[in-house]
Amino acid sequence: MTAPLKEHAVSRTEGTSPAVRLTGVSKMYGTSKGGLLALDNVDLTVAQGEFVCLLGASGCGKSTMLSLVAGLDAASAGTIELGDRRVALMFQEPALFPWLTVSANVEMALRAKKLDKKERRAKAQEFLEIVHLGGFGDKRPHELSGGMRQRVALARSLAQDADVLLMDEPFGALDAMTRDLLHDELERIWRERTLAVLFVTHNVREAVRLGDRVILLSSRPGKVVRDFPVTLARPRRTDSSDVASLAAEITGHLREEVVRHAR
Ligand SMILES: Nc1ncnc2c1ncn2[C@@H]1O[C@H](COP(=O)(O)OP(=O)(O)OP(=O)(O)O)[C@@H](O)[C@H]1O
């Protein structure tokens with residue numbers, strides 16, 4: 001059963017916690033007759049400083065949810081509250097401008113600020129150092145590895161002064177070793193900057209490695225069906241037995257969702 005679609009509202013009112021709150025959010029693509037219901041009455045709260053991973057079958061509406069929170073698209077119903085927080089979105093592809101240097105790519109995110117060119121360059125350098133690319137500002141993206149390009153994309157997101165990082169399978173195209181290093185980097189930055197992170201992945205171990213909570217969405221239309229708290233001590237290792245064991249339990253539930261949809 002799907003909820004009747006209500007009036008949509010996005011609120012950016014002042015406030016402290018939570019960083020992101022979705023209440024009764026539905027998304028219909030197209031008209032209700034010939035349309036496709038991607039999300040159905042989703043309730044989800046992410047506290048500032050919390051790392052929340054989103055899992056679900058392909059096409060269940062994970063990317064849709066991120067684009068609604070980012071304000072790239074409007075919900076058909078429900079409310080999305082961000083307080084006064086700034087949001088940055090990162091994708092699987094780093095989407096860098098190939099003709100610009102690494103530093104200039106990060107500087108693009110600083111253009112809205114009242115900084116002169118020299119100050120922008122210095123700020124970009126600071127963000128590149130945070131992601132351990134301090135010596136690569138003058139390179140072009142094609143001169144970097146895939147993992148380094150994703151680090152540049154992360155530096156660019158941080159340069160937007162984001163309080164909330166929305167990450168859509170950001171490490172999905174990387175090899176396991178690089179992904180592992182980037183997990184460490186991201187975890188460090190998340191802690192140091194007290195970010196709220198909403199992280200979409202298909203990799204259950206990655207979700208358990210990183211998340212304070214793992215949210216399982218139903219197959220389309222996406223609804224929150226399970227909310228797994230991850231209380232394992234940090235830092236965690238993707239190949240550790242406790243991560244593997246919780247990942248196996250979550251995978252069982254994910255499989256049920258996928259099978260249910262395939263019937
Ligand atoms: N702009 C759009 N117009 C119409 N339908 C769309 C649009 N964007 C997404 N959809 C549909 O909405 C559903 C949810 O898509 P979405 O990309 O959010 O799922 P997802 O869970 O991120 O998928 P995946 O895990 O495969 O990336 C899919 O059926 C998709 O085809």
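In this predicted model, helix α4 (residues 146-159) offers a simple check of geometry: at 1.5 Å a residue, its 14 residues should span 20 Å, and the C-alpha atoms at its ends are indeed 20 Å apart, so expectation and model agree. Of the 14 residues of α4, twelve are buried, and the helix is therefore largely enclosed by the rest of the structure. Among these buried residues are Met148, Val152, Leu154 and Leu158, along with Arg149, Arg151 and Arg156. The cover over them includes the helices α2 (102-108), α3 (117-130) and α5 (176-193) and the strands β6 (87-90) and β7 (164-168). Just after α4, aspartate 161 takes a positive phi of about 55 degrees.

Strand β8 (residues 196-200) is mostly covered too, with five of its five residues buried. In a regular strand, side chains alternate between the two faces of the sheet. In β8, Ala196, Leu198 and Val200 point one way, while Val197 and Phe199 point the other way. Two strands pair with β8 in the parallel sense: β4 (residues 51-55) over four bridges, and β7 over five. Within these pairings, valine 52 stands opposite leucine 198, and methionine 167 stands opposite phenylalanine 199. Together, β7, α5 and β8 form a right-handed β-α-β unit.

Attention now turns to the ligand. The residues surrounding the ligand include Tyr29, Leu36, Ala38, Lys62, Ser63, Thr64 and Arg220. Two elements, β3 (36-46) and α1 (62-69), each give two or more residues to this shell, and α1 gives the most, with three. By class, the shell holds four nonpolar, six polar and two charged residues.

Methods. Residues are numbered from 1 along each chain as its sequence is written. This is a predicted model: local features need pLDDT of at least 70, side-chain atom pairs count only at pLDDT 80 or more; totals for chains, interfaces and linings use all residues. A residue is near a molecule or strand if its C-beta atom, placed from the backbone, lies within 6 Å of it. Ala, Val, Leu, Ile, Met, Phe, Trp, Tyr, Cys and Pro count as nonpolar, Asp, Glu, Lys and Arg as charged, and the others, Gly among them, as polar. The expected span of a helix is 1.5 Å times one less than its number of residues. A residue is buried if 20 or more other C-beta atoms lie within 10 Å of its own, exposed if 12 or fewer, and partly exposed in between; C-beta atoms are placed from the backbone. Two residues are in contact if their C-beta atoms, placed from the backbone, lie within 7 Å. Two strands pair if DSSP finds at least two bridges between them. A crossover is right-handed if, with the strands pointing away from the viewer, the path from the first strand over the helix to the second runs clockwise.
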